[in-house]
Each structure stands twice: as C-alpha cells, then as structure tokens.
Amino acid sequence: LGRNWIATIGSDDEYGRGAQGLFLSIAGNHNICIAFESLIPTDLADPEAKSQLEDTIKLINKTKVNIIVLFAFSQPAQALLEHSIRMGLSEKVWIGTEAWMLSDIAASIPNIQSIGTVLGFIMKARTVPGFQKYVANLFTSVQQDKFCQESRELNHLMNSDMLDTHCKQCDHISLHDVSSMLSHSQVQTVYLAVYSVAYT
C-alpha cells in the first residue's frame, strides 16, 4: 500500500509470536518501519487481559500509526477490535491474516466501520491432488465387513484399555457426512506443510 510506518500485533501464542517474528524479520528488507510491536492475550478470562488490550490500544494512539497488521486467532482479534471501538480509536487500516479472516468476526462486530478499514489476506486454496479419491477409497474399505472383522479381532488381542481399535463407526459415517470438509481450506495448508517436510 506504499505505507512504511506500521504496527504489528500478535496473539500471545505460538501462531501470533511466530507469524509476527517472521514478518518483522523480513520487514526491514522492504524499508518497512515498525512503529511498535505488541502481543495481546489469548486467555480473555484472565483478569489482566482487559488492561493488556487497553494498553495496546493506548500505544496505537500514542504512536499515531495508521496501519496495523494483526496476527491472531479470531477470539483475541475480536476482543482487540471490540475494545478499540469501545475506546474510540480513530480510523486505521487493519490488515488481517486468515487465522481470523476466515471467521465472520470482522463483519459481525457492531460499528466496526468506526475504527477504519479491514483488509484480509488468505492463502490461495486449491484441491489437494488425489485427496477426494483417497478419502472415497478409505470409506469403501472401512465399510467392508472384512475390515471391521479384522478390527474386532485385533481389539481382542490387544489390551482394550490401551488401544481401542474396535470399528464402532463402520456403519454410521458415510462419505456424504464428510464431503463438505474435503475442500476445506485447511486441507491445502496441511498438505503443503507435510509435502514440504517430506521433500526437504
């Protein structure tokens, strides 16, 4: 966007710290100045959570930054946005990652427009090659009597307290039950992660 004076905020968890750290490590190479970086709580029931959120918003006001990149899952992101509205934060450009952009929080928070513009970026998703066929074949084999019989026999040989391999769901879950999840965007990211590790 041609802006080089920004703030980064991450949720205080592995995702937020990791994503923020990675972003900060490459920002300098692109002449992006970080006005400040901050972490917001993930445990919103913690008595300190409210004051931490309020301190972050005060810091945004103090630095007069106009661009905020927010690396957080949906609940911490929602809490920060709602507190920003409550505290009358002036309009900013909020850049969100898919961790909270895939939820409907940005559209569902009342008066969200009062704190500016929310832009979201998500990873390009596509169908994982062969995944739907693999799942269909898996369901075909699970529904076979032979598979269920072998599962029951194995269960008798094992200590059932340690490993319960009895095929309780053989007749209860169909391919139709899971078909809506086969194209879910997280399937692609998991596939890419496993593929990368396997071939490095």
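## A salt bridge between Asp12 and Arg17

In this predicted model, the side chains of Asp12 and Arg17 come together in a salt bridge, with a distance of 2.7 Å from N to O. The structure holds one salt bridge. Asp12 is partly exposed, at 39% relative accessibility. Arg17 is likewise classed as partly exposed, with a relative accessible area of 42%.

## Overall organisation of the chain

The chain contains nine helices and five strands. Followed along the sequence, these elements appear in the pattern β-α-β-α-β-α-β-α-α-β-α-α-α-α. The pattern thus begins with a strand and ends with a run of helices.

Of the 200 residues in the chain, 32% count as buried. The accessible surface comes to about 12,900 Å², and carbon and sulfur atoms make up 55% of that area. Contacts can also be described by the separation of the two residues in sequence. Among contacts in the chain with a separation of 6 or more, 73% are between residues 24 or more positions apart.

## The largest nonpolar core

The largest nonpolar core has 26 residues, and those touching the most other members are Ile9, Ile60, Leu70, Leu80, Trp94 and Trp100. Several elements each supply at least two residues of this core: strand 1 (5-11), strand 2 (33-40), helix 2 (49-63), strand 3 (67-71), helix 3, helix 4 (98-101) and helix 5 (105-108). Helix 3 gives the most, with five residues. A second, separate core has nine residues, among them Phe23, Ala27, Val93 and Ile95.

Leu70 illustrates how a core residue is surrounded. Setting aside residues up to four places away in sequence, Leu70 touches Ile9, Ile40, Ala77, Leu80, Trp94, Ile95, Gly96, Thr97 and Trp100. Ile95, one of these contacts of Leu70, is a member of the second core.

## Ser84, a buried residue in helix 3

Ser84 lies in helix 3, which covers residues 74-86. Its relative accessible area is 0%, so Ser84 counts as buried. A polar atom of the Ser84 side chain lies 2.8 Å from the backbone oxygen of Leu80. Leu80 is also one of the residues that touch the most other members of the largest nonpolar core.

When neighbours within four places in sequence are left aside, Ser84 is in contact with Ile57, Leu89, Trp94 and Ile115. Trp94 is found both in this list and in the contacts of Leu70.

## Two aromatic pairs

The structure holds two aromatic pairs. In one of them, Tyr15 and Phe73 are tilted with respect to each other, at 4.9 Å centre to centre and 40 degrees between the planes. This pair links distant parts of the chain, 58 residues apart: Tyr15 belongs to helix 1 (residues 14-27), and Phe73 to the loop between strand 3 and helix 3. Tyr15 is partly exposed, at 27% relative accessibility. Phe73 is also partly exposed, at 41%.

The rings of Phe23 and Phe71 form a tilted pair because their planes stand at 50 degrees, with the ring centres 5.7 Å apart. This pair, too, links distant parts of the chain, with Phe23 in helix 1 and Phe71 in strand 3, 48 residues apart. Phe23 is buried, with a relative accessible area of 19%; the cut-off explains this assignment, because buried means under 20%. Phe71 is buried as well, at 7%. Phe23 is also included in the second nonpolar core.

## Two loop residues with positive phi

Lys64 is not a glycine, yet its phi is positive, at about 55 degrees. Lys64 is placed in the loop between helix 2 and strand 3. With a relative accessibility of 62%, Lys64 counts as exposed.

Asn111 also has a positive phi without being a glycine, in this case of about 65 degrees. The residue occurs in the loop between helix 5 and strand 5 (116-120). Asn111 is partly exposed, with a relative accessible area of 42%.

Note on methods
Residues are numbered from 1 along each chain as its sequence is written. This is a predicted model: local features need pLDDT of at least 70, side-chain atom pairs count only at pLDDT 80 or more; totals for chains, interfaces and linings use all residues. Side-chain values use heavy atoms; hydrogens and water are left out. A salt bridge is a side-chain nitrogen of Lys or Arg within 4 Å of a carboxyl oxygen of Asp or Glu. Buried means under 20% relative accessible area, exposed over 50%, partly exposed in between (1.4 Å probe, protein chains only). Helices (H or I, at least four residues) and strands (E, at least two) are DSSP runs, numbered from the N terminus. Contact means heavy atoms within 4.5 Å. Accessible areas come from the Shrake-Rupley method with a 1.4 Å probe; for residues, only the protein chains shown count as cover. A polar contact is a pair of N or O atoms within 3.5 Å; within protein, one must be able to donate a hydrogen and the other to accept it, and residues adjacent in sequence count only if both atoms are side-chain atoms. A nonpolar core is a set of buried Ala, Val, Leu, Ile, Met, Phe, Trp, Tyr and Cys residues joined through side-chain atoms within 4.5 Å. Rings of Phe, Tyr and Trp (its six-membered ring) pair if their centres lie within 6.5 Å; planes under 30 degrees apart count as stacked, over 60 as edge-to-face and the rest as tilted.
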